[in-house]
Amino acid sequence: MSILIFTESENNKLKRNTAEVASYGTALAEKLNKDCVAVSFNADQAQELGKYGITKVLNVTNAPQQFDAHTYASVLTHYIKSLGATHIILSSSADAKFIAPLLAANTNAAYVPNVVALPLEKQPLTVKRTVFTNKAFANTTLTAEVNIIGVGNNAFGAVEQAVNCVVENTAVEHTVANLEQLSITKESGKATIADAEVVVSGGRGLKGPENWHLVENLAEVLGAATACSKPVSDMGWRSHDEHVGQTGKPVSTNLYIAIGISGAIQHLAGVNASKVKVVINNDPEAPFFKAADYGIVGDAFEVVPVLTEKLKAFKSQS
Amino acid sequence: MNILVCVSHVPDTTSKINFVENDTQFDTNGVQFVINPNDEFGLTRAIWFKEKQGAQVHVIHVGTATADPTLRKCLAIGADKAYRIDTPAIDGMTVAKELAAFVADNSYDLIIAGRESIDYNGAMVPGMLAALLDIAFVPNCVGLEFDGNNAIAEREIDGGREKLKATLPMVVGGQKGLVEESDLKIPNMRGIMQARQKPLEVINPKGFENTTKVVLFEKPAPKADVKLVPADDIDLLIELLQKEANVI
């Protein structure tokens, strides 16, 4: 009877979101009075999870180096069964959302993603999740023998609670991959919408792709990822993977800065989970102001370069 | 090639979200229901394979008769046959099990579902279906081509793309990028007339036990009003972001 958490890694390093997943697992273990074991794959520094209350990590060393949902799921399934795990915790990253349904099918588990807090009830296990693309919450019961909780990105946060952590390197028999990776294209060194703490996003108000240096320069100063509204991606000013909103990528960062985006209901739904929203728009009637925390009614072509310069000065001081 | 497209029937993206029956049911009053947008990208790609490569396209929905207009629309867009498994969709796993039982009795080379439905955002049914059938699965699919018995599929990952090769049959979770928004088809009169003659078969469910259930809906607390900062006082914005919001 224990809790198993899946901690993701990339290039042998734990991903940033493992802090949140580990913190959730630790807090749940206290609440339910159970053990919590982390499973990582090819992670060099898995003992870092001790910072978030994890005392034991099983680090699998014989699985493929590159994330492969099918084989990783077979390894996790092995551990769920051998450890008798009843609660499985993972993130809501693209990879976690890939693997969780496979795990659920393998173990006949109940699975609820996008969970925003520790369970409200232990019996029956009841969690609060977002639904309708962040327009509402649904308290949902999980009543299977194995219950899988996907923690919403940036919903619970990292809670430091340093303990001694023992890492056991292990090898497990696993299935053969049913997908062959042909290539991977990823801009290195650039913050991604999924991972960044700040996202700077541009809309039609920027008038054309030639003006995107405004967004990019501000993003660079803040170490932010760049994003855009749906019309901007539909018109081909920016690539699809920058489109945030209901049919694009969800954003749940600490700070979301929207420049020249009016705030269609579908866009707002996709970015609602962000903690602080700043809107810069020359139209005081833009619906986005109603959903924003801070707003500037003004011309983006004048405001944004000043903001970028002043933030640069601020960052160099701090 | 035989393609099965799994469709959800969801509130239009502009719908106001409200709840009734002591916040235990979604308020459908005045709500326009549509094909789940992610499924529509998949359906459009399937119709492309029908037009270019002679594929047969079936659509399937797990749910009640309220979704029949959505299935008729799929037929009007160009699908050849529709199925509806007649049980309310309460839990992703039971939906996946119903679909898996259907697929086991039929033969499909490719099953396309959406990345996620825009109502419950579960993103689970396609992966569960693939695992139950023990076939390959590519989620967040933004590109799909065939080469004999193999498929080349592109998956959107955090910050990039991954190109994958799989052997058919397989399941993909489609989204925007699989086709462009401008490729989506609006049914024409001929399509609508033909759809009336096409088969829509209602199937009895196998009846699996649900293990997740929504017990209460909540709406987010009303937001405080926006704090407007004058356009000529950027220093104030930086101060607020640093000291009040603590985000820089």
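Let me start with helix α2 (residues 69–83) of chain A and helix α3 (residues 94–107) of chain A, whose axes, lines fitted to C-alpha atoms over the stretch in contact, come within 9 Å and cross at roughly 45°, helices being DSSP runs of H or I of at least four residues, numbered from the N terminus. With angles running from 0 to 180 degrees between N-to-C directions, that makes α2(A) oblique to α3(A), the class left once under 35 degrees counts as roughly parallel, over 145 as roughly antiparallel and 65 to 115 as roughly perpendicular. Among the residues making this contact (C-beta atoms, placed from the backbone, within 7 Å) are Tyr72(A), Leu76(A) and Ile80(A) of α2(A) and Phe98(A), Leu102(A) and Asn106(A) of α3(A).

I should say that this is a predicted model, in which local features need pLDDT of at least 70 and side-chain atom pairs count only at pLDDT 80 or more, while totals for chains, interfaces and linings use all residues. Residues are numbered from 1 along each chain as its sequence is written, and chains are lettered from A and ligands numbered from 1 in the order in which they are written.

Turning to the domains, an automatic or database assignment gives chain A domain 1 (2–170) and domain 2 (198–317). Their centres, taken over C-alpha atoms, are separated by 32 Å, and 7 residues of domain 1 of chain A are in contact with 7 residues of domain 2 of chain A.

Finally, an open sheet of 6 strands, with parallel pairing, runs in the order β15(A)-β14(A)-β16(A)-β17(A)-β18(A)-β15(B), where strands are DSSP runs of E of at least two residues and pairing requires at least two bridges. Strand β18 (residues 294–297) of chain A pairs with β15(B) over 2 bridges, and Gly295(A) has Leu228(B) as its bridge partner there.

Methods: Two residues are in contact if their C-beta atoms, placed from the backbone, lie within 7 Å.
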